[in-house]
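Here is a short set of exercises to work through with the model open beside you. Try each task yourself before reading its solution.

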Amino acid sequence: MRNIFTVVYNIVLIFSASLSHAQDKTEVYQLRTEVTDAWRTASDLSSRLEEDLSQKMPSVSGWFCTPDMTLPSSMSGAIEAIPTLSLVCEHVEQEMRVTFFLDPTSARLQCEAIENKKSGIANGRVKSDAFRFFEAGDWHIMRSGVDIQGCSSGILAFVAKGDRSQAAIDMGLSAIDQFGEAMLAFDAAEIFGSETFAEQQSALIRFVDGLEIQAHYLARMIPLPTDSPLDIVKSAPSSERTPWDLPMPSILTSAPSASATLELKDCRVIVELSASEVMIEEAMRTSGRWASPGGTDGEVKNVYMRRNTERFVGRERIDGTGIEAFVDNRVIVRVVIPGAPPCESAPDIVARLFREIITNDLSTFGIR
């Protein structure tokens, strides 16, 4: 009996427009150039807007804020196309890491979260003791414990994470409330209506349009068995949520990416392809640093065999249940059977899928 695969795609994309995919390799390279140009334009304009935000931010008595110089990798790469102001704000009683996003998707979700919490308190589902709300003009701000979040005009959002040490908590929440109240004076209306913001949003749309097409290209490189009946379901980042239900910063940290789950009768195989700079950085710096150059091809250590070839570096489980590789210095490729022994019906399925994927030229992806 033939194996029946159920394939579920999970494509990290932004819009749902129908696409006509270029077939010529030259056109694919041109796409990357267009994506890079749009990203650079959006990033340059975002830097200008970040400076405008910094100048508009109100001073808060007793608080001293400086640029955050210890940002994680998730705040670099594609996300630089969104105006983001990251600060470390210090007080004698407290310290907070504060991030402002000039982004309608983030602002909308922040406003929804605040309204949902207020509704929960009103109907008794949520205890009000740990929360305080501040509102004035277009601002809606909520303090939850030592953290604050807020939104303004459906465009500007911010989150502030306070010090959770017992000493800071014991000093009380008055300094944090003072910070929240001061943000009500943050008037960014002039920035919202500026030509710079309009140009940045236009460049951002071009950028995410290009990432969407790249994500679809990646999805098409995931092999499907030609001799088996298929039930194929394509979805956005979650089958229950549309792409716009996620904030743009969250999407851009993993785009462009595509994944598929292949269900066999005796096992499940997960295939993931990603040209996200954040995911590449994580694979190179954490989780065993398996995407970093070096090592001898075929060298065995613990349950892994080192892979280091002309086209890719990575690691392969010696039992045949997983391969993780950084291919063409552009794309992370993962083919794994999670938490299970090799498939009895197709013991070489992982290696076969990986070999078929890398028959494609993956050097055309990414943003620069």
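**Exercise 1. Lay out the open sheet of seven strands: what is the strand order, and which strands stand at the edges?**

Solution. Keep in mind that you are looking at a predicted model.

Step 1: Trace the strands across the open sheet, and you should read β2-β3-β4-β8-β7-β6-β5, paired in the antiparallel sense.

Step 2: Look for strands with a single partner. These are β2 (64–67) and β5 (131–136), so each has one side without a neighbour in the sheet.

Step 3: Follow the twist, which averages 20° from one strand to the next.

Step 4: Pick out one pairing inside the sheet. Strand β4 (residues 94–102) joins β8 through seven bridges in the antiparallel sense, and Thr99 has Val159 in β8 as its bridge partner.

Step 5: Add the helix. α4 (residues 174–182) packs on this sheet and touches β2, β3 (84–91), β4, β5, β6, β7 (147–152) and β8. Its direction makes about 25° with that of β5.

**Exercise 2. Describe the aromatic pair of Trp139 and Phe158: what is its geometry, and which strands hold the two residues?**

Solution. Step 1: Search the whole structure for aromatic pairs, and six turn up.

Step 2: For Trp139 and Phe158, the ring centres are 5.8 Å apart and the planes make 75°. Planes over 60 degrees apart count as edge-to-face, and that is the class of this pair.

Step 3: Place the partners in the chain. Trp139 belongs to strand β6 (residues 139–144) and Phe158 to strand β8 (residues 156–162), with their positions 19 residues apart, so the pair links distant parts of the chain.

Step 4: Check accessibility against the cut-off, under 20% for buried. Trp139 is buried because its relative accessibility is 3%, and Phe158 is buried with a value of 0%.

Step 5: Widen the view: ring pairs link these two with Phe100 and Phe186 into a cluster.

**Exercise 3. Find the largest nonpolar core: how many residues does it have, and which element gives the most?**

Solution. Step 1: The largest nonpolar core has 51 residues. Those with the most contacts inside it are Phe207, Leu252, Val269, Val271, Leu273, Val333 and Val335.

Step 2: Assign the core to elements. Among those that give two or more residues are α1 (25–56), α6 (195–220), β11 (268–274) and β16 (331–336). The most comes from α6, with eight residues.

Step 3: Zoom in on Val333. Beyond residues up to four places away in sequence, Val333 touches several others, including Leu273, Ile323, Glu324, Phe354 and Leu362.

Step 4: Now look for a second, separate core. This one has 31 residues, including Trp63, Phe179, Ala182 and Ala188.

**Exercise 4. Examine Glu324: is this residue buried or exposed, and which residues is it in contact with?**

Solution. Step 1: Locate Glu324 in strand β15.

Step 2: Its relative accessible area is 9%, so Glu324 is buried.

Step 3: Leave aside neighbours within four places in sequence, and the contacts of Glu324 are Trp290, Val313, Gly314, Arg315, Val333 and Arg334.

Step 4: Follow Arg315 onward: this residue lies over the face of Tyr304, at 4.3 Å from the ring centre. Arg317 also lies over the face of Tyr304, at 5.6 Å from the ring centre.

Definitions and conventions: Residues numbered from 1 in each chain as written. Predicted model: local features only at pLDDT ≥ 70, side-chain atom pairs only at ≥ 80, totals over all residues. Heavy atoms only, no water. Phe/Tyr/Trp six-rings, centres within 6.5 Å; stacked < 30°, edge-to-face > 60°. Helix = DSSP H or I, 4+ residues; strand = E, 2+ residues; numbered from the N terminus. Buried < 20%, exposed > 50% of the residue type's maximum accessible area, 1.4 Å probe, protein only. Lys NZ or Arg CZ within 6 Å of the ring centre and 35° of its normal. Pairing = 2+ DSSP bridges. Axes fitted to C-alpha atoms, helices over the stretch in contact; angles between N-to-C directions. Contact = heavy atoms within 4.5 Å. Core = buried A, V, L, I, M, F, W, Y, C linked by side-chain atoms within 4.5 Å.
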